[in-house]
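Dear colleague,

I am passing on the structure below, together with some notes on what was found in it. Please look through it alongside the text that follows.

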Amino acid sequence: QTSTCDWSKTCSPQDSSNCRAVTANDENTQDMARRANDAFESFTSERCHLVINRLGRIKLDPNREVLQAVQYDPIANITYNEFHDFATQARQNIENNHPCGAGLLIDFHGHIHPEARIEFGYKISATQLRGSDADLDSLAYTSSIKNMPSH
């Protein structure tokens, strides 16, 4: 048995002992992102970049590493690259055209687990978050949340 995820959408049944591929869709994510976008634009009078993956997770999960995200599907691989290219273009547009060269990037996710909670990313990896308190303290000033007021 390897630790490599070898599951693909054409496999049946899924080998859950070898691969924890998540294929259920997040709930209400697009609606949540569109409402936040509209509220932000209304509040600031600024246009936002909104990049949405409209494919079901069974076809593509752009928030995973590419091999797991596309599940060995060459068409999904193209779509994965296009999704990330759009996000990169939005970021570059903000960096090049905003007066301070900075902006706010929000990656919205719904979730299907039963806990009612809001989860934030801070531009700190899962590996870094598992570090010691001292390690985390040293990352405080690299956090995207911590640096927001300076922009």
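The notes below go from the overall fold to the core, the salt bridges and the surface.

This is a predicted model, in which local features need pLDDT of at least 70 and side-chain atom pairs count only at pLDDT 80 or more, whereas totals for chains, interfaces and linings use all residues. Residues are numbered from 1 along each chain as its sequence is written, and side-chain values use heavy atoms, with hydrogens and water left out.

The chain contains six helices and zero strands, where helices (H or I, at least four residues) and strands (E, at least two) are DSSP runs numbered from the N terminus. Of its 151 residues, 17% are buried, buried meaning under 20% relative accessible area, exposed over 50%, and partly exposed in between (1.4 Å probe, protein chains only). Taking contacts (heavy atoms within 4.5 Å) between residues at least 6 apart in sequence, 44% join residues at least 24 apart.

The largest nonpolar core (buried Ala, Val, Leu, Ile, Met, Phe, Trp, Tyr and Cys residues joined through side-chain atoms within 4.5 Å) consists of five residues, namely Leu60, Ala69, Val70, Ala76 and Tyr80. Helix 2 (66-70) and helix 3 (74-97) each supply at least two residues of this core. Leaving aside residues up to four places away in sequence, Ala69 touches Lys59, Leu60, Asp61, Arg64 and Tyr80. In helix 3 the buried residues are Ala76, Tyr80, Phe83 and Ala90, and helix 2 is included in what covers them.

There are four salt bridges in the structure, each a side-chain nitrogen of Lys or Arg within 4 Å of a carboxyl oxygen of Asp or Glu. One of them joins Asp61 to Arg64, with the closest N and O atoms 3.1 Å apart; Asp61 is buried at 7% relative accessible area, while Arg64 is partly exposed at 32%. Another pairs Glu41 with Arg47 at 2.9 Å between the closest N and O atoms, and here Glu41 is buried at 16% but Arg47 is exposed at 69%.

On the surface, Phe40, Leu104 and Ile106 form a nonpolar patch, a patch being made of residues with over 30% relative accessible area and no salt bridge (like charges joined within 9 Å, nonpolar side chains, that is Val, Leu, Ile, Met, Phe, Trp and Tyr, within 5 Å). Phe40 lies in helix 1 (residues 29-44) and is partly exposed, with a relative accessible area of 37%.

With best regards

Notes. Accessible areas come from the Shrake-Rupley method with a 1.4 Å probe; for residues, only the protein chains shown count as cover.
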